[in-house]
Amino acid sequence: MAGATVAPSSSHRAVVVLLLAAALACHLNIVAVAVKPECSCPGGKCRGLGVNYGTVADDLPSAARSVQLLRAAGAGAVKIYDANPGILRALAGTGLPVAIMVPNAAIPSLASSRAAAEDWVAANLAPHSPATRVMYLLVGNEVLSDGAAAGSTTTLAMGALSASYPPSAGAFRDDVAGDVIRPLLRFLKATRSFYFVDAYPYFAWAANRDAISLDYALFQGAASSHYVDPGTGHTYTNLLDQMLDAVVAAMGKLGYGDVKLAVAETGWPSAGGAGANVRNAATYNRNLAARMSKNPGTPARPGAKMPVFLFSLYNEDQKPGAGTERHWGLYYPNQTKVYEIDLTGQRSSRSYPPLPPADDTDSSAAWCVLAAGGGKAADGKAVQDALDYACQQGSGTCDAIQPGGACHEPDTLDAHASYAFNSYWQQFRNRGGTCSFNGLAETTTKDPSYGSCKFLSSED
């Protein structure tokens, strides 16, 4: 879910992936992006979904403990966002397939020469082989999201498409189709590699709630919500299949409809936005795991096996952006499960404990406060502007933080912002008001009241 960075020049668009693949093959005796996603678990138990292991958070468990949590959830693979030596050492000997991402910032230097690519592989990957089972090498993350250009074995967002509905109309943007995507697909086909895509039904649903059924996005839509593509006659029972087949169609329009597809990131947030709650997050991820274990592929590619990586292992409290950005994890940083899940998809849905109500807070008592790390992730002006906006809405929204008010002390920006955000949200949440404030706020089930300062809750 990262943004784009400065990309190599057009002359290097296809070169960087060739350099890295060649260097990887030289040092590790494999081409990491060309392996087959076969089911190969000890004891005959099929591997589960992969998991993205991000580290943009405070006080995360050790890498060794994180590997234990991955295995406890039934993860079948793990993707990391750089060649973190501590994590790679913790994965050594586990047999867990690993996808390693070359950070966007490293791409320009790696594109400069074969020697630079070989040096990167020698320094970052070779020391961990063969003890750590490196299966995929991904060059960059969503490098086309902001219109940058790079031809590499990369993860691409759905934003690389100019059209995705109906799926058969899928097409890449004109500015990247010919010069960037076609050479990339040519390379992927020649090396039998995967086109990795970040596909988030949550965002598609959240932006089109009047048109897209929530149940359809969560893999539990009734027959009446199913969609038949007029161009192909394929019937779609869920939103993710629609999105993936739009990518398949777009590749086909460039003459590479047989390139294999993989999902680098998908998931559903458990807080921070409309429809973002524990119930929906657990429902999406559980249903996805069951679906991929029993019926992989899509209507355009029935039965096709594809690597799928959930985002993410932890709720990462230091991620900037909208409130949802910090709530995609399977675990809290304190190692507590956000919800129970079996990533192998073998567990019966009836065997899970009951989930909390499907509202934006998952609690009968909830508050809206300045997000953890909010003062670090944004400058003081952004927080002050958000506080001022909240105080200008409604009646008496910020009376308690005025001089002499019950919540004036401590007289700090963070304390006053939390009170203002909550006061606004409690007044307007039933009329569409959200606990977001441009990503500065988050919901909590811990009462922030103190002394004589009372924060209204969703129960009041």
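This section describes the disulfides, a central helix-associated region, the salt bridges, the nonpolar cores and the unusual backbone geometry of a predicted model.

Two disulfides were counted in the model. One of them joins Cys391 to Cys398, with a sulfur-to-sulfur distance of 1.9 Å, and the torsion of -85° about its S-S bond makes this link left-handed. The two partners differ in their surroundings, since Cys391 is partly exposed at a relative accessible area of 26%, whereas Cys398, at 4%, is buried. The other disulfide is formed by Cys407 and Cys453, whose sulfur atoms likewise lie 1.9 Å apart; here the torsion about the S-S bond is about 105°, and the disulfide is therefore right-handed. Cys407 is located in the loop between α12 (380-391) and α13 (413-428), and Cys453 in the segment that comes after β16 (441-444), so that this pair ties together parts of the chain that are 46 residues apart in sequence. Cys407 is buried, with a relative accessibility of 3%, and Cys453 is also buried, with a value of 1%.

Helix α9, which comprises the 15 residues 239-253, has its end C-alpha atoms 21 Å apart, in agreement with the 21 Å expected at 1.5 Å a residue. Because 13 of its 15 residues are buried, α9 is largely enclosed by the rest of the structure. The N-terminal end of α9 is capped by Asn238, of which a side-chain oxygen lies 3.2 Å from the backbone nitrogen of Leu240. After the helix comes Gly255, with a positive phi near 90°.

Helix α9 also takes part in the charged contacts of the model, for which the count is 6 salt bridges. One of these is formed by Arg291 and Asp241, with their closest N and O atoms 3.0 Å apart. Since Arg291 belongs to helix α10 (residues 278-294) and Asp241 to helix α9, the pair ties together parts that are 50 residues apart in sequence. Both ends of this salt bridge are buried: Arg291 has a relative accessible area of 14%, and Asp241 has one of 2%. Another salt bridge, between the side chains of Asp258 and Lys189, has an N to O distance of 3.5 Å. Asp258 is found in the loop between α9 and β11 (260-266), while Lys189 is part of helix α6 (residues 174-190), so this pair ties together parts that are 69 residues apart in sequence. Asp258 is partly exposed at 47% relative accessibility, as is Lys189 at 42%. A salt bridge within a single helix is provided by Glu118 and Arg114, whose side chains meet at 2.9 Å, N to O; these residues are 4 apart in helix α5 (residues 114-124), and are therefore separated by about one helical turn. Glu118 is partly exposed, with a relative accessible area of 23%, and Arg114 is likewise partly exposed, at 41%.

In soluble globular proteins, nonpolar side chains tend to be buried together. In the present model the largest nonpolar core contains 91 residues, among which Ile100, Trp120, Phe172, Leu185, Tyr195, Leu288 and Leu343 touch the most other members. The largest share of this core, 9 residues, is contributed by α9. When neighbours within four places in sequence are left aside, the contacts of Ile100 include Ile80, Leu88, Trp120, Leu125, Val134 and Tyr136, together with the polar residue Asp82. A second core, separate from the largest one, is made up of 26 residues, including Val383, Ala400, Phe428 and Cys435.

Several backbone features were found in loops. The peptide bond from Ser129 to Pro130 is cis, with omega near 5°, and Pro130 is placed in the loop between α5 and β4 (134-139). A cis peptide bond is likewise present from Glu409 to Pro410, with omega near 0°; Pro410 lies in the loop between α12 and α13, where Cys407 is also found. Positive phi values occur at residues that are not glycine, including Asp59, at about 55°, and Gln335, at about 80°. Asp59 is situated in the loop between β1 (50-53) and α2 (63-72) and is exposed, with 71% relative accessibility. Gln335 lies in the loop between β14 (308-311) and β15 (367-370) and is partly exposed, with a relative accessible area of 33%.

Terms used. Residues numbered from 1 in each chain as written. Predicted model: local features only at pLDDT ≥ 70, side-chain atom pairs only at ≥ 80, totals over all residues. Heavy atoms only, no water. Disulfide = S-S within 2.5 Å. Buried < 20%, exposed > 50% of the residue type's maximum accessible area, 1.4 Å probe, protein only. Helix = DSSP H or I, 4+ residues; strand = E, 2+ residues; numbered from the N terminus. Expected span 1.5 Å × (residues − 1). Polar contact = N/O pair within 3.5 Å; in protein donor to acceptor, adjacent residues only side chain to side chain. Salt bridge = Lys/Arg side-chain N within 4 Å of Asp/Glu carboxyl O. Core = buried A, V, L, I, M, F, W, Y, C linked by side-chain atoms within 4.5 Å. Contact = heavy atoms within 4.5 Å.
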